[in-house]
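Student: I'd like to go through this one by asking how each label is earned. Can we take a look together?

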Amino acid sequence: MAQAFCGLYIQRMITELGHFALILAFLVAIVQSVVPLIGAAKRWTGWMAFAEPAAISQFLLTAFSFAALVWAFTTSDFSLRIVVENSHSLKPMLYKVSGTWGNHEGSMLLWVLIVTIFGAMAAVFGGGLPPTLKARVLAIQGAIGVAFFAFILFTSNPFDRLAVPPFDGRDLNPLLQDPGLAFHPPFLYLGYVGLSMAFSFAVAALIEGRVDAAWGRWVRPWTLAAWVFLTIGIALGSWWAYYELGWGGFWFWDPVENASFMPWLLAAALLHSAIVVEKREALKSWTILLAIIAFGFSLIGTFIVRSGLLTSVHAFANDPERGVFILLIMVVFIGGALTLFAARAQAMEAKGVFGMVSRESALILNNVLLAVSCFVVFFGTMWPMVAEMAFDRKLSVGPPFFNAAFTPFMVALGIALPVGAMLPWKRGRLGRAAWSLRYAFILAVALAVLVWVMQTGRSALGPIGLFLGAWITFGALVDLWSRTGRSGSIARLFRLPGADWGKAVAHTGLGVTMFAVAGLTAWEVEDIRVAQPGQPFEVGQFTLTLQDVRRVQGPNYYSTMADIGVRKNGQEITTLHPEKREYPVAQMPTTEAAIDYRFLRDLYVVIGDQQSDGGWVVRTYIKPLANWIWAGCILMALGGALSLSDRRFRVAAGAQKSSKSGVPAE
Amino acid sequence: MKRLVLIVLLLASPALAVQPDEILDDPALEARARDLSTGLRCLVCRNESIDESNAELARDLRILLRERLVAGDTDQEAVDFIVARYGEYVLLKPTTSGANILLWLAGPAMLLIAGAVGFAFVSKRARSQKADTADRLTKEEQDRLRQILED
């Protein structure tokens, strides 16, 4: 008895310490956002140096606070309100942990934890940065922390207690009890918040009044990392939707999805324009602006998801506190940064000159297409709200709009990409770049024509996607080959810098994803029927037989599970087990599709209701190239990681350190 | 977190999207119905078409749409019939009428503006490059350069 009491006491104690650590981190962040800024302005070394230990201790405190919350979830401390609302003692351990961020309060704590992780990383690894720039970057990162600590503590405190703890919790939404979705928010947040580093660097540079090649080199790894995390996060979410929601859709143009897609598009634009700053000292003010806007879209994304404004104007009006707070954060940070930009951008003189046809102008085209496509997504996402408020029209903007308005930009991007990637810096010739790609082009066209002839009469979407995918992929190969001096030497190929490999791999990934999206959309086969047990039916080249339907009990759910035998050419290839589950605590049914994953296609089977004649509704889809969508995303992320591993980033940091350029003249 | 609201709304009806008993015998008519229903919104859902939705109301709309098509409506007539009853909120692809023209033109207009700004920027740079190369080496300097190289 005494022992149990003692255990409970320790548990409560840890939760209380977590709350206390969060308040301390808030205070540290306040000091961190002020002292180094003053130090940098007055050139007081001690005050500037304060930023480093502050950033690290802010991180440690927040990490402790987060760990305390995870502890509360894993030990099912039902005296905490959010644990009661989102957990259950019988829930599997993985989902107890992921339940920590499967709710508003916990996810905001994760958000701010990542802000402090990035701040601490900049403090630890930013050795090569000039002291004033470093102090300012960390101060601004601290200020972002202040805003979100205040948001958490004043509007969304995860450590809220219940006076009378209930015996058990209400369970996490069963749709979220899934490995894909368990890790979807952390990656997404790493991406969103990673862009805060680009923002901090941009604002610090504006305060310094100096942007040079070194700045481009410092800001690019953070942007690359953010983009890689966003890519993984979006891919995980899309993959989850594919297998969990029961009809194999992978992208819905939902406002919440768009909220993550817009920063991704802008981060892609930013990491390309930062190359121009780094290599050619041009596009400086545009890159700064893009860094500010990209983080702005991260905040907009958080606002959209957290305020509920886009779901319903009324939901927002009923509980406006949180939404208004985030809106305020957005106005202060983005408005402030843009004002600073307006005042200082003129000071940034561009140095590098380049011709009409050059790598620089190709990257400008890349930025135009990515930024405008982001604008289209933004306009379409906000339009229903604008139309309702300004024109009193209640309307929808759904997938057909986005498919029509957004896709052309991606097609244009896909066509231009291989040529632009081959152009030399400063001045090139379009004819020469195009000529070096002739085999890639011919091969891509030949493949597309071949498939178009074979598919007879289906939409041209598949062949067009195949052309784009093949054109980008072969273009990337030609690019790699020409980087080895057209020698084809394997040794030289492997000595290429990480950035070259990253570029080729990431571009190939984009091509693969484009092809897969087009192919899946164009060539999907669907079959809906009432299947009688024991009677085989045909879908495409497969013969399916509903063998049995059973009742099964899981750890926290009941399931109706079917056994469906699949044959191809008379041979049994697999048995699939689609399920319908009911979660009694959360009082929610889910469908669990059974998927036979293969290289070229997925076979996707869903079980529905039993009919009065004893048969069951069975839906079967043949989804060609489904895995390629996420394989392409993995390639893109891998390309980003390869680029990040380029030793030139580290060499640059080291060189700066040894040359000790010290305090920049202002 | 995606679409949870909608799924919460659907708790009462675990049935899935298009049901076998809804499917029309005429495959051409059914194909038209499927095509049209991907463009019509399930009114109680969040950003989901009646073709994908599990909601009862979506099922009613699917059946209504099929009835209109069987009765001989053209695609446009069938959609107009539903819009007349449920308002333009039901259209996932907004019309181009009135202020909506802004929505459709926003992308192309922005592309033109961004393209023009980008082009102006690049051509300014290109001109300054020409000026740059022109005054980089005078005749005198070229002679000196040649001299140095020969030494």
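Student: Let's begin with D392(A). What makes D392(A) count as exposed?

Tutor: Keep in mind that this is a predicted model. D392(A) has 7 other C-beta atoms within 10 Å. The cut-off for exposed is 12 or fewer, so D392(A) qualifies as exposed.

Student: Where does D392(A) sit along chain A?

Tutor: D392(A) lies in the loop between α15 (359-391) and α16 (399-422) of chain A. Its phi is near 55°, a positive value in a residue other than glycine.

Student: What makes a positive phi worth pointing out?

Tutor: Most residues other than glycine have a negative phi. S76(A) is another case to put on the list, with a phi near 50°. S76(A) belongs to the loop between α3 (51-74) and α4 (81-86) of chain A.

Student: Why is S76(A) called partly exposed?

Tutor: Check the count again: S76(A) has 18 other C-beta atoms within 10 Å. Exposed needs 12 or fewer and buried needs 20 or more, so S76(A), with its 18, falls in between and is partly exposed.

Student: Stepping back to the whole chain, how do you know that chain A is as compact as a globular protein of its length?

Tutor: First, the make-up: chain A has 23 helices and 10 strands. Its radius of gyration is 27 Å, and the globule rule gives 26 Å for 666 residues; those are close, so chain A is as compact as a globular protein of that length. Its C-alpha atoms fill a box of roughly 85 × 80 × 60 Å along the principal axes, and 55% of its residues count as buried.

Student: How is chain A divided into domains?

Tutor: There are domain 1 (1-172), domain 2 (174-385), domain 3 (401-519 + 629-634) and domain 4 (525-626). The centres of domain 1 and domain 3 of chain A are 44 Å apart, taken over C-alpha atoms. As for contacts in chain A between residues at least 6 apart in sequence, 75% join residues at least 24 apart.

Student: Which residues have the most contacts inside the largest nonpolar core?

Tutor: They are A198(A), L266(A), A267(A), A291(A) and A294(A), in a core of 225 residues. Helix α10 (residues 213-244) of chain A supplies the largest share of this core, 19 residues. Take A294(A): leaving aside neighbours within four places in sequence, its contacts are L195(A), A198(A), P263(A), L266(A), A267(A) and L270(A). Apart from that core lies another, of 21 residues, including I564(A) and V606(A).

Student: What makes β10(A) largely enclosed?

Tutor: Count its residues: 8 of the 9 in strand β10 (residues 616-624) of chain A are buried, so the strand is largely enclosed by the rest of the structure.

Student: How do you know that β10(A) pairs with β1(A)?

Tutor: Pairing takes at least two bridges. Strand β1 (residues 525-531) of chain A is joined to β10(A) by 7 bridges, so the two pair, and they run antiparallel. E526(A) stands opposite Y621(A) of β10(A). Strand β9 (residues 601-610) of chain A also meets the cut-off, with 8 bridges to β10(A), again antiparallel, and D602(A) stands opposite K623(A) there. β9(A) and β10(A) form a hairpin with 5 residues between them, and G614(A) in the turn has a positive phi of about 95°.

Student: Over to chain B. Why does A55(B) count as buried?

Tutor: A55(B) has 21 C-beta neighbours inside 10 Å. Buried takes 20 or more, so A55(B) counts as buried. A55(B) is placed in the loop between α2 (27-37) and α3 (56-70) of chain B. The C-alpha atoms of A55(B) and A17(B) are separated by 7.8 Å, with the two residues 38 apart along the chain.

Student: What is the secondary structure of chain B?

Tutor: Chain B has 6 helices and 0 strands. Of its 151 residues, 28% count as buried.

Student: How many residues does each chain bring to the contact?

Tutor: Chain B brings 43 and chain A brings 51. On the side of chain B that touches chain A, α5(B) gives the most, with 15 residues. The residues on that side divide into 24 nonpolar, 10 polar and 9 charged.

Conventions:
Residues are numbered from 1 along each chain as its sequence is written. Chains are lettered from A and ligands numbered from 1 in the order in which they are written. This is a predicted model: local features need pLDDT of at least 70, side-chain atom pairs count only at pLDDT 80 or more; totals for chains, interfaces and linings use all residues. Domain bounds come from an automatic or database domain assignment. Helices (H or I, at least four residues) and strands (E, at least two) are DSSP runs, numbered from the N terminus. The radius of gyration is taken over C-alpha atoms; the globule rule is 2.2 Å times the number of residues to the power 0.38. Two residues are in contact if their C-beta atoms, placed from the backbone, lie within 7 Å. Ala, Val, Leu, Ile, Met, Phe, Trp, Tyr, Cys and Pro count as nonpolar, Asp, Glu, Lys and Arg as charged, and the others, Gly among them, as polar. A nonpolar core is a set of buried Ala, Val, Leu, Ile, Met, Phe, Trp, Tyr and Cys residues joined through C-beta atoms within 7 Å.
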